[in-house]
Amino acid sequence: MPFARLRFGPVINSAGHAPSPSTLQHTSAESARKTKSKLGCQQCKTKRVKCDESYPTCRRCARLGLICLPAPRLTQWQVETPWFSLQPTAIINRRLLQYWLEKVSQMLVIDPEDNPFSFPALEYIPQSPALVHIIQSLSASHEKYFSAHSPIIALEERGKALVSLRKEVEQNQRKPQAFLLTTMLLSLAQSADCDMKDYGKQHLFAARNLINRMLQNASDLVNDPLARLCLGMYLYWDMCSAFLVDPEEDQIIDSLNMSIAIHKMGNWHHPMYGPCTGLLFILGNVGRYCRQILDSRHRNFTQEAIFEQQLYCWQACPPNISLGHLYEAFRKYGLIFLYRASGQNNRFTNPDMMFQNQQSLIQKYAEDTVRHLMQIPATSNYLNFQSLLLLATGAELAESNNFLRDEVRERLRAMYSLNRLPTNLHALQLLEELWCARDNGNTSFWLQYMLQKDWYLLLG
Ligand SMILES: [Zn+2]
Ligand SMILES: [Zn+2]
């Protein structure tokens with residue numbers, strides 16, 4: 001059974017900068033242009049100058065290299081659900097749930113019209129107070145833009161979500177996937193905290209437990225779209241955090257059942273990233289391995305060669321050009337990561353290495369990756385999935401690539417304007433430090449540098 005597909009339309013701003021204006025939308029934008037806009041960015045408002053309202057970064061901010069703080073663009077649903085006509089219960093805050101539907105849940109997917117985190121997720125609300133609370137917590141945080149002093153309501157809701165989740169897991173006989181969504185949203189709330197040392201390890205470990213239980217029932221992956229959704233979310237999360245986990249405390253994942261499950265997923269189109277499940281799995285394993293050799297210096301040359309081959313051979317049929325660019329960026333990010341952490345290995349077989357040495361190949365891949373990402377429009381939903389790639393590959397750009405460095409800076413700022421996650425700005429700070437060191441002849445590996453700073457950034 002597929003997820004219900006819902007039509008979301010972008011809300012048109014007064015200057016008519018809708019992502020894809022149809023004739024009808026154009027007419028309404030024309031008439032709206034005559035009225036005074038309220039959507040200008042904060043920077044322009046403070047300076048009392050006219051804002052052109054380009055989204056997510058206005059032209060003035062882009063030109064001056066400022067962080068643009070636009071008013072949030074909401075989406076409007078055009079379908080009523082039975083849930084909305086239900087009597088509100090005591091724990092439901094309709095305003096926060098609506099903000100979730102219109103804004104926050106949209107940051108989690110590549111296609112707003114195929115979003116299981118919006119209306120379809122509400123189906124699970126009657127069974128799970130924990131889910132209601134974590135959704136409301138995230139909405140409250142985002143509404144206040146994850147300010148350093150998180151608004152009280154966001155913290156309260158998060159606390160309630162944790163208590164409810166514990167109860168639900170103890171008392172319920174429900175399948176593990178029913179709790180995975182809440183666990184992952186808890187981690188998202190945590191990563192918005194500005195705590196550089198805490199990437200939400202306890203939530204990741206809880207998710208791994210749930211995944212191991214879920215994998216024991218492989219038929220679910222064929223029949224239950226929630227199970228596929230959760231497995232994909234977990235793999236994406238693992239890719240972003242496997243290298244943050246101390247290898248000493250790393251838990252075992254049931255790798256045999258995991259491989260079978262990924263095989264069963266095949267090219268299923270996941271709402272967060274499309275049909276690249278297999279690639280995410282490889283990238284998670286590469287990250288884990290690289291952290292291991294960084295800590296212990298104990299290398300496995302055969303394993304490295306296997307990873308390399310998996311990465312340079314990986315192919316998918318992306319459903320559109322932008323996703324194709326994103327996948328190429330992912331693939332090259334993985335190769336750069338592997339080469340950077342491991343160093344020379346005479347078992348490597350990448351045909352690209354015939355023409356240049358490893359160091360110049362890293363450079364070339366870094367430039368390629370950034371160029372791929374720049375081909376994806378800043379207005380696209382794919383913007384939310386680029387910060388890790390920008391940090392890891394941007395760090396390899398030489399001083400002579402100043403143009404590309406500027407593109408990376410601008411994009412990380414645009415990502416912050418869009419999702420207001422502070423980690424985007426922390427990544428930018430890391431990059432500035434790495435570039436400065438590199439220009440002075442001290443080239444360091446971004447992960448090593450970040451860990452030395454005792455930073456553990458969870459980047460999406
Ligand atoms: Zn502006
Ligand atoms: Zn601006």
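Contact is taken here to mean heavy atoms within 4.5 Å. On that basis, and in a model that is predicted, Leu231 is in contact with Ile211, Met214, Leu215, Leu221, Met258, Ala261 and Met265, its neighbours within four places in sequence being left aside. Leu231 also belongs to the largest nonpolar core, which comprises 128 residues, and together with Met258 and Trp446 it touches the most other members of that core. A second core, separate from this one and made up of six residues, includes Cys41, Cys51, Cys58 and Cys61. In soluble globular proteins, nonpolar side chains tend to be buried together.

Helix H12 spans residues 225-241. The distance from its first C-alpha to its last is 24 Å for 17 residues, close to the 24 Å expected at 1.5 Å a residue. Because 17 of the 17 residues of H12 are buried, the helix is largely enclosed by the rest of the structure. At the N-terminal end of H12, Asp224 acts as a cap, with a side-chain oxygen placed 2.9 Å from the backbone nitrogen of Leu226.

Several cysteines of the second core also take part in metal coordination. The zinc ion (ligand 1) has as its protein donors the SG atoms of Cys41, Cys44, Cys51 and Cys58, at 2.3 to 2.5 Å, and along the chain these donors follow the spacing C-x2-C-x6-C-x6-C. The angles subtended by the four donor atoms around the zinc ion (ligand 1) run from 99 to 116 degrees, and the arrangement is therefore tetrahedral, since four donors count as such if all angles lie between 85 and 135 degrees. For four tetrahedral donors the ideal angle at a metal is 109.5 degrees.

The zinc ion (ligand 2) is likewise bound through SG atoms, those of Cys41, Cys58, Cys61 and Cys68, which lie 2.3 to 2.4 Å from it. Its site is tetrahedral, with angles of 102 to 115 degrees among the four donor atoms, and the donors are spaced along the chain as C-x16-C-x2-C-x6-C. The zinc ion (ligand 1) and the zinc ion (ligand 2) lie 3.0 Å apart and are bridged by Cys41.

As to the accessibility of the donor residues, a relative accessible area under 20% is required for a residue to be called buried. Cys61, at 0%, is therefore buried, as is Cys68 at 1%. Cys58 also counts as buried, at 1% relative accessibility, and Cys51 does so at 9%.

Terms used
Residues numbered from 1 in each chain as written. Chains lettered and ligands numbered in written order. Predicted model: local features only at pLDDT ≥ 70, side-chain atom pairs only at ≥ 80, totals over all residues. Heavy atoms only, no water. Donors = N, O, S within 2.8 Å, 3.2 Å for Na, K, Ca; no water. Tetrahedral: all angles 85-135°; square planar, octahedral: opposite > 155°, others 65-115°. Buried < 20%, exposed > 50% of the residue type's maximum accessible area, 1.4 Å probe, protein only. Helix = DSSP H or I, 4+ residues; strand = E, 2+ residues; numbered from the N terminus. Expected span 1.5 Å × (residues − 1). Polar contact = N/O pair within 3.5 Å; in protein donor to acceptor, adjacent residues only side chain to side chain. Core = buried A, V, L, I, M, F, W, Y, C linked by side-chain atoms within 4.5 Å.
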